[in-house]
Amino acid sequence: MFFFSSKVMEDNERSLIEGRACLEAALSYLKLGWSVLALCPPDHVGVGLVYRDHIKTCDSPGKRPWHSWKEYQSRLPTDREVNGWWDQLCNSNVGIALGPVSKLIRIDVEGQSGEAKLLEMSGGDLPKTLEFSSGREGGGRGLLYAIPDGAVLRTTYEKPKAGEEVRLQAKGAQTVLPPSRHPSGKKYIWMAGCGPTDIKATMAPSWLLAKLTAKADGRLVR
């Protein structure tokens, strides 16, 4: 019993430390002009105490905002709001809303067939930019590119193989960011030389903007 209690205490302490790291990252991302979000922890511990219905609808532990976030697709949260989220759920993961509010879009690529599809789509035109590993079993990474002011973009995706895909994410989507914890037990990590303390997001290449650009009737330009 003592061993079990000690293990629980160690897990709780680690979760608190990791949550504080996510809060520190969230505040630094906010200073960069990114629309920060508090995401549920990968084990969902404590979520039911702050948002009862979250667990009923969340099929992506560690990856979804536990609070309402529609307004943060159009405006940045305040420091007070961000600190308040972590006051409510101190073990939260951290993410940001994509699109014009953060002036960023994401390429989310998973697995070998996802990488092959991305190479085909881009023709190898993937300039160095902000990039992180997702912690997904089997490999996964995210690339963040800047977008021009006034760009109207829509999220789309390609799924070449079950469990592997390329998602091109814009307004209406959000992304997990380091140092969040993945359900696999690994952490999201900025790739060497590709974190926000190293470089700024590179402007999205033309093929990517074309893939995401929406026509007036809502159809995607192909």
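## Exercises on a predicted model

Ile-55 has its place in helix 3 (residues 54-57). Helices here are DSSP runs of H or I with at least four residues, strands are E runs with at least two, and both are numbered from the N terminus. This is a predicted model, where local features need pLDDT of at least 70, side-chain atom pairs count only at pLDDT 80 or more, and totals for chains, interfaces and linings use all residues. Residues are numbered from 1 along each chain as its sequence is written, and side-chain values use heavy atoms, with hydrogens and water left out.

**Exercise 1.** State whether Ile-55 is buried, partly exposed or exposed, and list the residues that it touches.

*Solution.*
- Start with the cut-offs: buried means under 20% relative accessible area, exposed means over 50%, and partly exposed lies in between (1.4 Å probe, protein chains only).
- Ile-55 has a relative accessible area of 41%, so it is partly exposed.
- Next come the contacts (heavy atoms within 4.5 Å). Leaving out residues up to four places away in sequence, Ile-55 touches His-44, Val-47 and Gly-48.
- Take His-44: it is eleven residues from Ile-55 in sequence, and their C-alpha atoms are 7.4 Å apart.

**Exercise 2.** Place Asp-149 in the chain and give its exposure.

*Solution.*
- Asp-149 lies in a loop, with strand 5 (140-146) on one side and strand 6 (156-161) on the other.
- Its relative accessible area is 65%, so Asp-149 is exposed.
- Pro-100 is 49 residues away from Asp-149 along the chain, yet 7.2 Å separates their C-alpha atoms.

**Exercise 3.** Work out how strand 3 is covered and which strands pair with it.

*Solution.*
- Count the buried residues: seven of the seven in strand 3, so the rest of the structure largely encloses this strand.
- Then sort them by side. In a regular strand, side chains alternate between the two faces of the sheet.
- One side of strand 3 carries Leu-104, Arg-106, Asp-108 and Glu-110, the other Ile-105, Ile-107 and Val-109, and all are buried.
- Now the partners. Two strands pair if DSSP finds at least two bridges between them.
- Strand 5 pairs with strand 3 over seven bridges, in the antiparallel sense. Arg-106 has Leu-144 of strand 5 as its bridge partner.
- Strand 7 also pairs antiparallel with strand 3, over four bridges. Here Val-109 is opposite Val-166.
- Strand 7 is mostly covered as well, with five of its six residues buried.

**Exercise 4.** Draw the sheet that holds strands 1, 2 and 8, and add helix 4.

*Solution.*
- Write the order: 1-2-8, three strands in an open sheet with antiparallel pairing.
- Mark the edges: strand 1 (35-39) and strand 8 each pair on one side only.
- Add the twist, which averages 35° from one strand to the next. Axes are lines fitted to C-alpha atoms, for helices over the stretch in contact, and angles run from 0 to 180 degrees between N-to-C directions.
- Join strand 1 to strand 2 (residues 93-97) by five bridges, antiparallel. Leu-37 has Gly-95 of strand 2 as its bridge partner.
- Lay helix 4 (residues 79-88) across strands 1 and 2, at about 5° to strand 1.

**Exercise 5.** Count the aromatic pairs and classify the one between Phe-132 and Tyr-188.

*Solution.*
- A pair of aromatic rings is described by the distance of the centres and the angle of the planes.
- Rings of Phe, Tyr and Trp (its six-membered ring) pair if their centres lie within 6.5 Å; planes under 30 degrees apart are stacked, over 60 edge-to-face, and the rest tilted.
- This rule yields five aromatic pairs.
- Between Phe-132 and Tyr-188 the centres are 6.3 Å apart and the planes make 50°, a tilted pair.
- Phe-132 sits in strand 4 (residues 130-133) and Tyr-188 in the loop between strand 8 (174-176) and strand 9 (189-190), so the pair ties together parts 56 residues apart in sequence.
- Phe-132 and Tyr-188 are both buried.
- They belong to one aromatic cluster with Tyr-29, Trp-34 and Trp-190.

**Exercise 6.** Give the totals for the protein chain.

*Solution.*
- The chain has six helices and nine strands.
- Of its 222 residues, 46% are buried.
- Take the contacts between residues at least 6 apart in sequence: 74% of them join residues at least 24 apart.
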